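Visitor: Before we look at the model together, I would like to ask how each label in it is justified. Please set the values against the cut-offs as we go.

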2 protein chains.
Amino acid sequence: MHASEVFALLRDGHPRTRAELAASTGVARSTVAARIDQLMRLGLVAPSGGTSTGGRPPSLFAMNPEARLVTGVDVGATHVALVLADLSGRVHAESATALDVAEGPEAVLSWVTTTVTRCLGELGRQRGDLAAVGMGLPGPVEHATGRPINPPIMPGWDRYDVPRRVQKDLDVPVLVDNDVNIMALGEQSAFPATRDLVFVKVATGIGAGIISGGKLQRGAQGTAGDVGHVRVARAGDVTCRCGNTGCLEAVASGPALARTLREAGLPAETGEDVVDLTRAGDLTALRVVRQAGRDLGEVLATLVNLINPAVVVIGGRLAGAGEHLLAGIREVVYQRSLPLATEHLRLRASSVGDQAAVKGAVALAIGHALSPEQIELDVQRLDASS
Amino acid sequence: MHASEVFALLRDGHPRTRAELAASTGVARSTVAARIDQLMRLGLVAPSGGTSTGGRPPSLFAMNPEARLVTGVDVGATHVALVLADLSGRVHAESATALDVAEGPEAVLSWVTTTVTRCLGELGRQRGDLAAVGMGLPGPVEHATGRPINPPIMPGWDRYDVPRRVQKDLDVPVLVDNDVNIMALGEQSAFPATRDLVFVKVATGIGAGIISGGKLQRGAQGTAGDVGHVRVARAGDVTCRCGNTGCLEAVASGPALARTLREAGLPAETGEDVVDLTRAGDLTALRVVRQAGRDLGEVLATLVNLINPAVVVIGGRLAGAGEHLLAGIREVVYQRSLPLATEHLRLRASSVGDQAAVKGAVALAIGHALSPEQIELDVQRLDASS
């Protein structure tokens, strides 16, 4: 019987007695008591249900979410945002700044560590109270090392050791992933019972984060979820920025839609302009966005057949076009995918929006800090130091 | 420290001393000795390195693969095959019969349980030596219950409680899945280090079994891997047996290729005939099979972009056309998929062939029998009975 197993039972926040925990685990009450003692010394578990009046020992125990804090960081193309949250995900502090990722890792990461240190101070917490940092970057990341690999819009970041730079100032585990994977984790917070969720970001590029069987799936080389360069019928021989022809991105990304509208004589430079024209009710923009939804639907119909998610969430700047984009997607997905796979499928616009990345980064950090492996490591350190 | 954790270290078959196990796990040697004692009483671990001469206690321990047997069953459209294997997967007995699955569950499953009982007897083993049964069925299976759901070629099997019928005669856990998922597990045995493998069966239907992050991924409703009804460009408005148009199966399955060859005046009734014509070097058949490979490649290119497998294995009857089919697949996959995803991709014809299903069923049964949960359950039963 490990301390982490007792903790797993208490993680829902519901207080329990030693006897209840002993009954659930089938081990002796004295063993449970010893594990609770370790978890209390780590601060992860605390007595619950009010102070006892007659000096009796506490009888109810629950997870103590405020024992430690984690940081979730969202590094975007032109902004950095971070939050400090407790182990239940509740945000205690947040900060954001306009900062171009092209200014390089030192500029971005020193802002991060300085801001985290300042926030800890303002909250009256110590550096030792920080358990982990989760971070999303706007480019491909080698998951095992946390290094960006040939990131197109991040000059100076290629193979930079992001965890080491952060750990120089904040001595905690640092988990780094690309923004789309991080946002998938953030969107999952709105569907806590769902183990199979796909998040699709439709913006300058188009990418997906895939959670299957409760786990983020990165694939053999970490490139899973590349929906943007799947061929779609309508793209024909349109050249994509990747050099290939016929890619989804070449006809359904923000820049592609803006180009189509400019060719129709409308003032659209960016995906944001496309969304604005849609919101203003421009009929050409509505038609173009709905067709982009159908193109997306063509790829997502295949994704639904291959992966069978319970939830597909559409986010990114173009999701601002709302139902016009979703209607096109639904039209094709419900026509093309297997009925058994679409019968219970929920296909939604993001409800988490801008907060998806920091929420996901927090989830990644909490997942690490409260993993059985990390708790056992913390228990061993505690035993070694006492 | 659980018995299952000590067992996990011994599962590779390499003998270790108590001191080595204590050092690997960081727990006291006396605790390791107690866990080894439990595992020896279960028969899962045995002394290794020869008998001691001077009556000294044994010092080396290893997994004892022959302690228990499992059964792997492959139920096909017109045959049933099974093997009895030990916990290392080594086959000790096998049997097969021609039996139409349409004869119904009682006919098929009574053959299975009777044959397992007979084989156990011939091996001089008891019924209690059997640890689990794994089984693949040629239709959709609800994973949680082991019941076939609306299986098109299995009259009389709809929602039939397969595990209960088997357990009536053989009182062990029974794991049931569809044949394509089972075959994916069987193919994985040829790539033991691979955690991301996709198996594609090309026969009367076309389906895929997807292993991501080391686990078979079934999706939210268990329909993951449905590659057969993805739309491909060349299928245009060809009607598929599913009622939709443009599906991969409508142009690249065995019946579709046979029809194409018949229309060209060739004597082809089945996928087998197509393979025979290809092997005989018929130029029309070669051209048609290569084009089917390109159609498959179109869907697999998308699959590679979405899932990023390390290995894609092509099996099923049409894989008998060998390099002609694979050449068409490779042509499109390497042109259409992300370079990073194809750089290390291995795209192969099945090397396991007909044995994939029984091998996979054995792997499923062993995975269950040696899971930490099952071992802890066995230990608890042992403690309760002693």
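Labels and their grounds

Guide: In this predicted model, A:Asp295 counts as buried because its relative accessibility is 2%, and the label requires a value under 20%.

Visitor: What makes the contact of A:Asp295 with A:Arg234 a salt bridge?

Guide: The closest N and O atoms of A:Asp295 and A:Arg234 are 2.6 Å apart, and the criterion asks for a side-chain nitrogen of Lys or Arg within 4 Å of a carboxyl oxygen of Asp or Glu, so the pair qualifies. The two residues lie 61 residues apart, with A:Asp295 in helix H10 of chain A and A:Arg234 in the loop between strand E13 and helix H7 of chain A.

Visitor: Why is A:Arg234 called partly exposed?

Guide: Its relative accessibility is 44%, and since partly exposed covers the range between 20% and 50%, A:Arg234 receives that label.

Visitor: How do you know that the span of helix H10 of chain A agrees with its number of residues?

Guide: At 1.5 Å a residue, the 25 residues of H10(A) should span 36 Å, and because the end C-alpha atoms are 35 Å apart, the two values agree. H10(A) nevertheless bends by about 25° at A:Glu298, and 18 of its 25 residues are buried.

Visitor: Why is A:Glu122 called exposed?

Guide: A:Glu122 has a relative accessibility of 56%, and exposed means over 50%, so the label follows. A:Glu122 also forms a salt bridge with A:Arg118, at 3.1 Å between the closest N and O atoms; being 4 residues apart in helix H4 of chain A, the partners are separated by about one helical turn.

Definitions and conventions:
Residues numbered from 1 in each chain as written. Chains lettered and ligands numbered in written order. Predicted model: local features only at pLDDT ≥ 70, side-chain atom pairs only at ≥ 80, totals over all residues. Heavy atoms only, no water. Expected span 1.5 Å × (residues − 1). Bend = angle between axes of the 7 residues up to and from the residue. Buried < 20%, exposed > 50% of the residue type's maximum accessible area, 1.4 Å probe, protein only.
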